[in-house]
Amino acid sequence: MNQQQQITRQTFDDVMAPNYAPAAMIPVRGEGSRVWDQQGKEYIDFAGGIAVNCLGHCHPALVGALQQQGNQLWHVSNVYTNEPALALAQQLIDATFAEKVFFANSGAEANEAALKLARRYALERHGEGKDQIIACNHGFHGRTFFTVSVGGQAAYSDGFGPKPGAIDHIDYNDLAALEQAMSERTCAVIIEPLQGEGGVIPASDEYLRGIRELCDKHNALLIFDEVQTGVGRTGHLFAYMDSPVVPDILTSAKSLGGGFPIAAMLTSSEIAASLKVGTHGSTYGGNPLACAVASAVLKEVNTPAMMANVKDLESYIRTRLDAMNEKYQVFAEVRGKGALLGAVMNDAYQGRARDFLTAAVAEGLMMLVAGPNVLRFAPALNISPAELEQGMDALERAVAKVSASS
Ligand SMILES: Cc1ncc(COP(=O)(O)O)c(C=O)c1O
């Protein structure tokens with residue numbers, strides 16, 4: 001028996017902290033948008049490691065970049081800089097509004113950096129008292145104590161003692177509420193241009209335009225959390241590029257490494273200047289292995305052909321979901337953009353998104369939910385038509401089963 005056969009799902013319960021409840025099957029191999037479990041069963045992957053594997057599994061360009069860097073230089077910390085980090089920063093700057101980059105290892109860390117920077121910038125520019133951070137109910141920004149407190153679900157931040165202060169929440173897409181909450185005390189507004197975990201809810205252009213205007217009026221920074229929407233997922237390199245506004249700070253993670261942990265905070269030179277030597281840092285941030293992989297990701301993703309594929313896959317998924325819904329009447333609507341879509345349960349299926357996910361796994365399809373009422377799709381941007389069709393066929397079987405048993 002090899003080691004893999006001895007490790008089972010029971011091992012998780014034996015050795016891991018119980019804060020996750022992983023599926024019964026254990027994936028052991030992936031290629032493109034296909035994954036195989038310990039028993040050799042094949043799955044189509046519409047989950048992508050929670051909107052991370054933007055180029056699927058084991059993409060040759062990413063494997064190549066990792067192998068090449070792995071044979072050259074693994075890690076030096078930020079006591080030294082390194083070539084892959086500088087090359088990646090330049091790529092990000094060339095492709096976006098940004099003039100400066102800070103690297104981290106996760107979305108939460110990138111947001112932590114953004115929030116700390118906003119507070120420091122406000123302090124330096126405007127003095128004490130300009131410390132209010134405004135965020136949205138049902139927003140999600142990570143699990144560090146600062147980011148989870150800024151996130152809009154008290155259930156995730158309650159029970160850990162006193163929370164960081166000067167954080168206020170308003171409803172998403174409610175410009176009047178933001179207008180009321182903002183004042184000269186506001187140092188930053190942080191927003192997902194399309195709420196992911198909160199239920200795959202897009203922000204309207206009008207709302208984003210209004211936020212930008214209010215931030216300018218009150219000398220507050222606008223932070224776009226593009227951890228989930230970034231790196232091609234919405235059919236644009238970053239979601240802000242298809243909106244009427246440009247943020248002051250943008251955070252990216254998830255797809256940036258295509259499965260290798262890396263995150264980035266992008267901003268202007270003027271704002272970045274507040275992160276003086278010693279104000280913030282990370283041992284692993286800007287690690288050469290991660291940066292080499294992310295460079296390869298950007299090269300593959302930031303092309304018209306890839307963005308066209310994202311638009312095609314969106315229209316295929318929507319067409320198939322509409323057809324399924326005609327037959328089975330389960331969804332109230334399909335929302336989202338590009339390769340980040342949510343099928344919202346109708347009245348008859350309230351709270352049952354997970355039943356569809358469980359049925360999908362049995363049919364050979366890995367999916368996500370976003371709350372109890374939304375079945376979430378986050379496939380690889382380069383998923384092939386055959387993989388996509390196989391996945392939607394599996395979903396249709398799952399939908400038929402759930403509706404038959406209801
Ligand atoms: C919008 C958004 N921000 C931040 C995070 C946190 O990222 P990480 O889990 O890499 O810390 C997530 C994760 O789901 C996210 O969707």
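Helices and strands are taken here as DSSP runs, numbered from the N terminus. In this predicted model, Val227 sits in the loop that connects strand S10 (221–225) with strand S11 (249–252). Val227 counts as buried because 29 C-beta neighbours lie inside 10 Å, where 20 or more are enough for that label. Apart from neighbours within four places in sequence, the contacts of Val227 are Gly107, Ala110, Thr251, Ser252, Ala253 and Lys254.

Lys254, one of these contacts, is a helpful next stop. The unreviewed UniProt entry annotates Lys254 as "modified residue: N6-(pyridoxal phosphate)lysine". Lys254 is placed in the loop between S11 and S12. With 28 other C-beta atoms within 10 Å, Lys254 is buried. Setting aside neighbours within four places in sequence, Lys254 is in contact with Ala51, Val52, Gly107, Val227 and Gln228.

Several of these names return in the UniProt record. The unreviewed entry gives the feature "binding site" at Gly107, Ala108, Phe140, Asp225, Glu226, Val227, Gln228 and Thr283. These positions span 177 residues of sequence and are also spread in space, with up to 24.7 Å between C-alpha atoms. Thr283, one of the positions in the record, lies in the loop between helix H11 (269–272) and helix H12 (288–301). Is Thr283 buried or exposed? Thr283 is exposed, with 11 other C-beta atoms within 10 Å, whereas Val227 is buried.

The surroundings of the ligand can be described next. Of the 15 residues around the ligand, those that come nearest are Ser106, Gly107, Ala108, Val227 and Gln228. Helix H6 (residues 107–126) supplies the largest share of this shell, three residues. Sorted by class, the shell holds five nonpolar, seven polar and three charged residues.

Ser106 also leads to strand S12. Ala264 belongs to strand S12 (residues 263–267), and its C-alpha atom is separated by 8.3 Å from that of Ser106, although the two residues are 158 apart along the chain. Ala264 is buried, with 29 other C-beta atoms within 10 Å. Not counting residues up to four places away in sequence, Ala264 touches Leu92, Val101, Phe102, Phe103, Ala110, Ser252 and Leu256. Ala110 and Ser252 are also among the contacts of Val227.

Helix H4 (residues 60–70) offers a clear case of two-sided placement. Its buried residues are Leu62, Ala65 and Gln69. Viewed down the axis of H4, these buried residues fall within an arc of 60 degrees, so they line one face of the helix. Pro60, Gln67, Gln68 and Gly70 are exposed on the other side of H4. What do the buried residues of H4 pack against? Their partners are helix H5 (83–95) and H12. H12 is also the helix that follows the loop holding Thr283.

A final element is an open sheet. Four strands make up this sheet in the order S1-S2-S3-S15, with mixed pairing. Strand S1 (27–31) and strand S15 (365–366) are the edge strands, each pairing on one side only. In general, strands of a sheet pair through backbone hydrogen bonds, in either a parallel or an antiparallel sense. Strand S3 (residues 42–45) pairs with S15 in the parallel sense over two bridges. Asp45 stands opposite Met366, which belongs to S15.

Methods. Residues numbered from 1 in each chain as written. Predicted model: local features only at pLDDT ≥ 70, side-chain atom pairs only at ≥ 80, totals over all residues. Buried ≥ 20, exposed ≤ 12 C-beta atoms within 10 Å, placed from the backbone. Contact = placed C-beta atoms within 7 Å. UniProt positions renumbered as here; feature names shortened; annotations may be inferred. Arc of directions from axis to C-beta. Near = placed C-beta within 6 Å. Nonpolar A, V, L, I, M, F, W, Y, C, P; charged D, E, K, R; others polar. Pairing = 2+ DSSP bridges.
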